[in-house]
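This briefing gathers the side-chain contacts and surface features of one chain, arranged by topic for a reader who wants to check each of them against the coordinates.

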Amino acid sequence: MSENLSRLYRSRGDRMIGGVCGGLGEYLNIDPTVMRLLFVALALLGGPGLVIYLIMLIIVPEEPLA
């Protein structure tokens with residue numbers, strides 16, 4: 001009964017600043033650029049984009065070394 005559980009990590013390979021968007025992209029199986037655009041749009045439109053990014057940068061662990 002082995003389940004393949006997916007965990008959310010900050011990406012080591014696909015990162016611009018902290019790897020949050022790269023990790024979310026891998027976790028949700030979408031292009032990390034879409035996540036980056038979403039965070040920028042939220043931040044520019046007065047939403048909580050920057051705050052959410054900073055919280056995830058602190059809370060989400062970095063991807064373990066292979």
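Asp14 counts as partly exposed, because its relative accessibility of 30% falls between the 20% and 50% cut-offs. The model is a predicted one, and a search of the whole of it finds 3 salt bridges. The points below take up those salt bridges, then a buried arginine, an aromatic pair and a nonpolar surface patch.

**The salt bridge of Asp14**

- The side chain of Asp14 meets that of Arg36 in a salt bridge, with an N to O distance of 3.2 Å.
- Because Asp14 lies in the segment before helix 1 whereas Arg36 belongs to helix 2, this salt bridge ties together parts that are 22 residues apart in sequence.
- Arg36 has a relative accessibility of 19% and therefore counts as buried, since the limit for that class is under 20%, whereas its partner Asp14 is partly exposed.

**The network around Glu62**

- Arg15 and Glu62 form a salt bridge through their side chains, at 2.9 Å from N to O.
- Arg15 is placed in the segment before helix 1 and Glu62 in the segment after helix 3, so their salt bridge connects parts that are 47 residues apart in sequence.
- A salt bridge also joins the side chains of Glu62 and Arg12, here with an N to O distance of 3.7 Å.
- That pair likewise links distant parts of the chain, with Arg12 in the segment before helix 1 and Glu62 in the segment after helix 3, 50 residues apart.
- As for accessibility, Glu62 is partly exposed at 28% relative accessible area, Arg12 is partly exposed at 37%, and Arg15 is partly exposed at 32%.
- Through salt bridges with shared partners, Arg12, Arg15 and Glu62 are joined into one network.

**A buried arginine without a salt bridge**

- Arg10, in the segment before helix 1, is buried yet takes part in no salt bridge.
- Which side chain of opposite charge is nearest to Arg10? It is that of Glu62, 4.5 Å away, and this distance explains why the pair is not counted as a salt bridge, for which the nitrogen and oxygen must lie within 4 Å.
- A polar atom of the Arg10 side chain does lie 3.2 Å from the backbone oxygen of Gly18.

**The aromatic pair**

- The count of aromatic pairs comes to 1, and this pair consists of Phe39 and Tyr53, whose ring centres are 5.6 Å apart and whose planes stand at 85°, so the arrangement is edge-to-face.
- The pair links distant parts of the chain, since Phe39 belongs to helix 2 and Tyr53 to helix 3 (residues 49–59), 14 residues apart.
- Both partners are buried, Phe39 with a relative accessible area of 10% and Tyr53 with a relative accessibility of 12%.

**The nonpolar surface patch**

- On the surface, Tyr27, Leu28, Ile30 and Val34 make up a nonpolar patch whose accessible area together is about 350 Å².
- Ile30, one of the residues of this patch, sits in the loop between helix 1 (20–28) and helix 2 (32–44).
- With a relative accessible area of 36%, Ile30 is partly exposed, and this value therefore meets the requirement of over 30% that applies to patch residues.

Conventions:
Residues numbered from 1 in each chain as written. Predicted model: local features only at pLDDT ≥ 70, side-chain atom pairs only at ≥ 80, totals over all residues. Heavy atoms only, no water. Patch = residues over 30% accessible without salt bridge, like charges linked within 9 Å, V, L, I, M, F, W, Y side chains within 5 Å. Areas by Shrake-Rupley, 256 points an atom, 1.4 Å probe, with all protein chains shown as cover. Helix = DSSP H or I, 4+ residues; strand = E, 2+ residues; numbered from the N terminus. Buried < 20%, exposed > 50% of the residue type's maximum accessible area, 1.4 Å probe, protein only. Phe/Tyr/Trp six-rings, centres within 6.5 Å; stacked < 30°, edge-to-face > 60°. Lys, Arg positive; Asp, Glu negative; His and termini not counted. Polar contact = N/O pair within 3.5 Å; in protein donor to acceptor, adjacent residues only side chain to side chain.
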